[in-house]
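The following report walks through one protein chain, with the packing of helices taken up before the sheets and the backbone details. Please keep the sequence and the 3D view at hand while reading.

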Amino acid sequence: MRTNRRWYRYAGLTIAAVLATALPGTATAADNPVPAGASKAHDQKILARVDAQRAVEHVRVLSEDIGPRPGGTEWEWEGARYIGSTLESYGYSVEYQTFAVANQYIGHMTLPDGTTWMTGASTRGAFTDDAPVTGGLVDAGTGLAAEYPADVTGKIVLMTAGSSAAARNTQATLAVNRGAVGMLLINTAGARGAKAGANNPSLSVDVAVPVLGVGQAHGEWLRERLAAGETDLTIRNKVHSNLESVNVIATRPAQTPAPGDPVVVVGAHLDSVVGAPGANDDASGVGLGLELARVMKSYNTDKELRFAFWGSEERGLLGARHYVNQLSDAEANRIVAMFQADMVATSHLGATHFYAMTNDGRTNVVTDAAVAAGARQGDSSVLPGHFGSSDHVPFAQRGIPAALFIWMHVASWSPLVYEIERIYHTPEDTIALNISPERMQIALNIVGAAVFDVARKPVPALDQQPEPVLVP
Ligand code: BES
Ligand code: ZN
């Protein structure tokens, strides 16, 4: 890993040096389209400076120092403040755009060594608020009476969640009757074929003790601790209400600013799902956005640049939708391209390609710029594709050319068969298990070159753009 990373960085510099000598004469502003050689020269302005290590440092702060960042919570705000102050340190003016979001039901569990994990919480359990409950942890297997240890009075019981609400009701009733002071239900159903995350277990009865929903990995880790001996556990849970979520937006005006200047938006979401550190989803996109913001601050472009970090994407694309909804038609028309970076650095090797995905499966100025940047860099892993599910969607729905950048393997488009990392939306979405600096560098090189290309070249009006190609 370490050797590779060094190889990559030095290789980047070597290629830069080779290209610098091989390039033809300087292009003039009148050249349109800009010759390929001139684009490569422009690419080098980005490639020579964007640094995956800096981007991964942002991922570290977000996923490790702050941890899971559910939309609207104090942890999402910590992420927002980190992003905002980083952008200010680069010289940007930063706007915090807030919007109301629904309550979050969240738990935490703490081991005697201080290790703390965020969990989901059933809406029907009791809430400790700020008065945590401590008890010895016991494993009740699948939660059937026969699997119970003899005495669970005053204990916290761990069990694999039943597969229906009725089954979970029975599990909870039994735990309370046996005197447990809290219960942990290990979720079993993950999203998109992944392991189960720390979701809220749904129950249809009220339960007198806190009921936390823990991820499959949490279950494994707790059972490992138990196998090594007894352990106490401290749990707490709380309804987080009156929540406001936030978009953080940094603006860099065009070289000679004029009203109505065209705008290029680079986006990523700053929130994660409950209990997931969200290193790849989507601290990776934030790290990429911050690193591009740093490098691009010093380059003039004829378009305005906006680096946008969306809140509450995981709660239904709420931040991006809020942003798009408050744009007047005139403001929306100014946006000529939107690049969304979401899951741009997974170390999962099964995710073989770096896709520029559009919501309607048709190529546009964003996907064209990305594929062209890949071609100039000799990288054939960059492909256009067809996918929604991220913040490019509200932009596309407003008629703005937009695409999602993501590492994935697509085996078939129709029916859609694809592969991403199995630890998507789980407590294991960490730097150690899910981030590749090499992939981050490729993402920076491709998205950076494509953004710079679009931001500095004239973009034809929508009705004069090349005929879109249907991807699949
Ligand atoms: N990064 C994911 C989207 C994604 C995952 C795209 C895997 C392609 C493959 C994103 O953060 C996400 O999970 N989105 C939600 C959107 C929903 C809440 C509208 C999703 O897809 O469940
Ligand atoms: Zn995401």
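In this predicted model, helix 10 offers Val365, Ala369, Ala370, Ala373, Gly374 and Arg376 to helix 13, where the partners in contact are Ile446, Ala449, Ala450, Asp453 and Val454. Sorted by class, this contact between helix 10 and helix 13 consists of 8 nonpolar, 1 polar and 2 charged residues. Helix 10 spans residues 365–376 and helix 13 spans residues 437–456, and the two pack at an angle of about 120° with their axes 8 Å apart. Helix 10 is therefore oblique to helix 13, and the crossing of the two is right-handed.

A second helix pair can be described in the same terms. Arg54, Ala55, His58, Val59, Leu62 and Ser63 of helix 3 are in contact with residues of helix 7, among them Ala279, Ala283, Val286, Leu290 and Arg294. By class, 8 nonpolar, 4 polar and 3 charged residues make up the contact of helix 3 with helix 7. The axes of helix 3 and helix 7 come within 8 Å and cross at roughly 135°, so this pair, too, is oblique, and the crossing of helix 3 and helix 7 is right-handed.

The two helix pairs are set out below.

| Helix pair | Angle | Axis distance |
|---|---|---|
| Helix 10 (365–376) and helix 13 (437–456) | about 120° | 8 Å |
| Helix 3 (52–66) and helix 7 (279–296) | roughly 135° | within 8 Å |

Helix 7 also carries a backbone detail that deserves a look in the 3D view. The peptide bond from Asp281 to Asp282 is cis, with omega near 5°, and Asp282 lies within helix 7.

Turning to the sheets, 7 strands close into a barrel in the order 2-3-7-6-5-4-8, with mixed pairing. From one strand to the next, the twist in this barrel averages 40°. Helix 5, residues 165–177, packs on the sheet and touches both strand 5 (156–160) and strand 6 (182–186), and its direction makes about 150° with that of strand 6. Within the barrel order, strand 2 (residues 104–110) and strand 3 (residues 116–121) run antiparallel and are joined by 5 bridges, with Thr110 standing opposite Thr116 in strand 3. The loop between strand 3 and strand 4 (133–139) contains Asp129, a residue that has a positive phi of about 50° although it is not a glycine.

Further along the chain, strand 15 and strand 16 form a hairpin with 2 residues between them. These strands run antiparallel and are joined by 4 bridges, and His409 stands opposite Glu419 in strand 16. The loop between strand 15 (402–413) and strand 16 (416–419) holds Pro415, and the peptide bond from Ser414 to Pro415 is cis, with omega near 0°.

How far can the model be trusted, as judged by its mean pLDDT? The mean pLDDT of the protein is 92, and 92% of its residues reach 70 or more. Residues 1–34 have pLDDT under 50 throughout, and for this stretch the model has 25 contacts beyond four places in sequence. Where pLDDT is low, the predicted coordinates should not be read in detail.

Note on methods
Residues numbered from 1 in each chain as written. Chains lettered and ligands numbered in written order. Predicted model: local features only at pLDDT ≥ 70, side-chain atom pairs only at ≥ 80, totals over all residues. Heavy atoms only, no water. Pairing = 2+ DSSP bridges. Axes fitted to C-alpha atoms, helices over the stretch in contact; angles between N-to-C directions. Contact = heavy atoms within 4.5 Å. Parallel < 35°, antiparallel > 145°, perpendicular 65-115°, else oblique. Left-handed = near helix turned anticlockwise from the far one by under 90°. Nonpolar A, V, L, I, M, F, W, Y, C, P; charged D, E, K, R; others polar. pLDDT = per-residue confidence, 0-100.
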